[in-house]
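Q: Please take a close look at how the two parts of this chain meet, and at the core that they share. I would like one connected account that I can follow with the model open beside me.

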Amino acid sequence: MSHVLHRMLGKTYPVAEGGAGVMLRDRDGRDHIDASGGAAVSCIGHGHPDVLAAMHAQIDKLAYAHTSFFTSDVAEELADHLIARAPAGMDSVYFCSSGSEAIEACLKMARHYFVETGELKRVNFISRRQSYHGITLGALAVGGRMKDRAAFAEMLMTGHHISPCFDYRGRRPDETAEQYGLRVADELEAKILELGPETVCAFVAETVVGATLGAATAAPGYFKRVREICDRYGLLLILDEVMCGMGRTGTLHACEQEGVAPDLMAIAKGLGGGYAPIGAMLVSKRIAEAVRRGSGLFPHSQTYVGHPLACATALAVQKVIERDDLLANVRRQGARLEQRLRERFGNHHHVGDIRGRGHFWGVEIVADRASKTPFDPVLKLNARIKEAAMERGLMIYPMGGTADGTAGDHVLLAPPFIIDAATVDTIVERLGDAVDAALGTVQPI
Ligand code: PMP
């Protein structure tokens, strides 16, 4: 029996033993195409020699020094690298070890900013239903995925949730995408007025929604309107780009394509590409300067902040992405992936929606296309698709629908940025077979 506490206790997992490029190999010698980059993490694939060399070099020099004593060249260089390429107005970087921690840091920095500026009543966070921001208590409170929250709901700080911007299930037939985007953005204003503008600290949203809605991009104009509303009422905009950021959608930050810059931003997964556990909070100049002018202290630190080995690793990953112009490949192969998905699933009886951007695509499976009725969540169709895909040597990221029908089963594709055309085609072929095989286990197709 395994003594590792997995999410699913009692389940037996295959053992991963090696990886090269887009492939992962298990202990039985089977190769799997990592079409989800794990959980949208492995952006430059596995076993990249340049990253391994940088890791070796750093570990030969120094693995760790506590940041209450020292900074390190690699933490400084990585922060410089990120700020030079950050959305407008960014100033500082706080390095942590995961996406959840990056979100926690954003929540606390947002509150701390208002403590520094004397707006002490600002304690409320507004976020969106069906969102995922991580698993720690603060992240759960702003998150909107009910099954993660249920057991802990009574101990969480109060969350204030509005509708997500989810075109497939949210837009009314009489609305254009733009009208829909503005309507749901305006829910933010209504919520601010309901709570009292002087009590609202920040709005938290994923620029492109990953795990919960399967690569749901916002309607055109949505984030511009959100930004305007935040500015009008003086609250901060926190963008969660833990999953959709660091090149995943074809630009380094997903918000570049929305034409907005946040006040605080969380990044993680693609930052270290899976080679090191690292996340970060990017902090705007306005906030950093308020803290510098005020107490000069962010009362939040962790043992592994700015871990030199993690920073050297992330720096190497980011340099490979830039040197090899991998974002151009994300745009090129992303277009092919979309085209292949539309060819394979566009007329599929049980595919309700194909959505995404760059190397971030979701395919939603429904019982009935016309009414968009999801399959009964009890069937766990998404898990069946994952299993059928694994049998075919394909890793995809599955997500179940909700019992209230506000989301259906979907699978998420987030392949490494290095992928080539032939592998894109193989992914879609195997996914098509896996979806049909899984559907065959729940009903005759
Ligand atoms: N935010 C988003 C959007 C995520 O997708 C995730 C992880 N799936 C997190 C936060 C939490 O990141 P981590 O699992 O590294 O704590």
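**Two domains and their shared core**

A: In this predicted model, the chain is divided into domain 1, which takes in residues 16–34 together with 325–442, and domain 2, which covers 52–323. The C-alpha centres of domain 1 and domain 2 lie 26 Å apart, and across the boundary 24 residues of domain 1 are in contact with 20 residues of domain 2. On the side of domain 1 that touches domain 2, the elements that give two or more residues are helix α13 (326–345) and the strands β13 (351–357), β14 (360–365) and β17 (409–413). By class, this side of domain 1 has ten nonpolar, eight polar and six charged residues.

The interior can be followed from the largest nonpolar core, which has 141 residues, and in which A102, C106, F203, L264, A280, M281 and L282 touch the most other members. Helix α12, residues 308–323, gives the most to this core, with ten residues, and the core draws at least three residues from each of domain 1 and domain 2. F203 is a useful residue to display: leaving aside residues up to four places away in sequence, F203 touches I126, L188, V226, C230, L235, L237 and I238.

The ligand offers another point of reference. There are 16 residues around the ligand, and of these G99, S100, G134, V242 and M243 come nearest. Helix α4, residues 99–116, gives the most to this shell, with three residues, and by class the shell has eight nonpolar, six polar and two charged residues.

To set these parts within the whole, the chain has 15 helices and 17 strands. The radius of gyration of the chain is 21 Å, close to the 22 Å that the globule rule gives for 445 residues, so the chain is as compact as a globular protein of that length. Along its principal axes, the C-alpha trace spans about 65 × 60 × 45 Å. Buried residues make up 51% of the 445 residues in the chain, and, among contacts with a separation of 6 or more, 74% are accounted for by residues 24 or more positions apart.

Conventions: Residues numbered from 1 in each chain as written. Predicted model: local features only at pLDDT ≥ 70, side-chain atom pairs only at ≥ 80, totals over all residues. Core = buried A, V, L, I, M, F, W, Y, C linked by C-beta atoms within 7 Å. Buried ≥ 20, exposed ≤ 12 C-beta atoms within 10 Å, placed from the backbone. Helix = DSSP H or I, 4+ residues; strand = E, 2+ residues; numbered from the N terminus. Domains from an automatic or database assignment. Contact = placed C-beta atoms within 7 Å. Rg over C-alpha atoms; globule rule 2.2 N^0.38 Å. Near = placed C-beta within 6 Å. Nonpolar A, V, L, I, M, F, W, Y, C, P; charged D, E, K, R; others polar.
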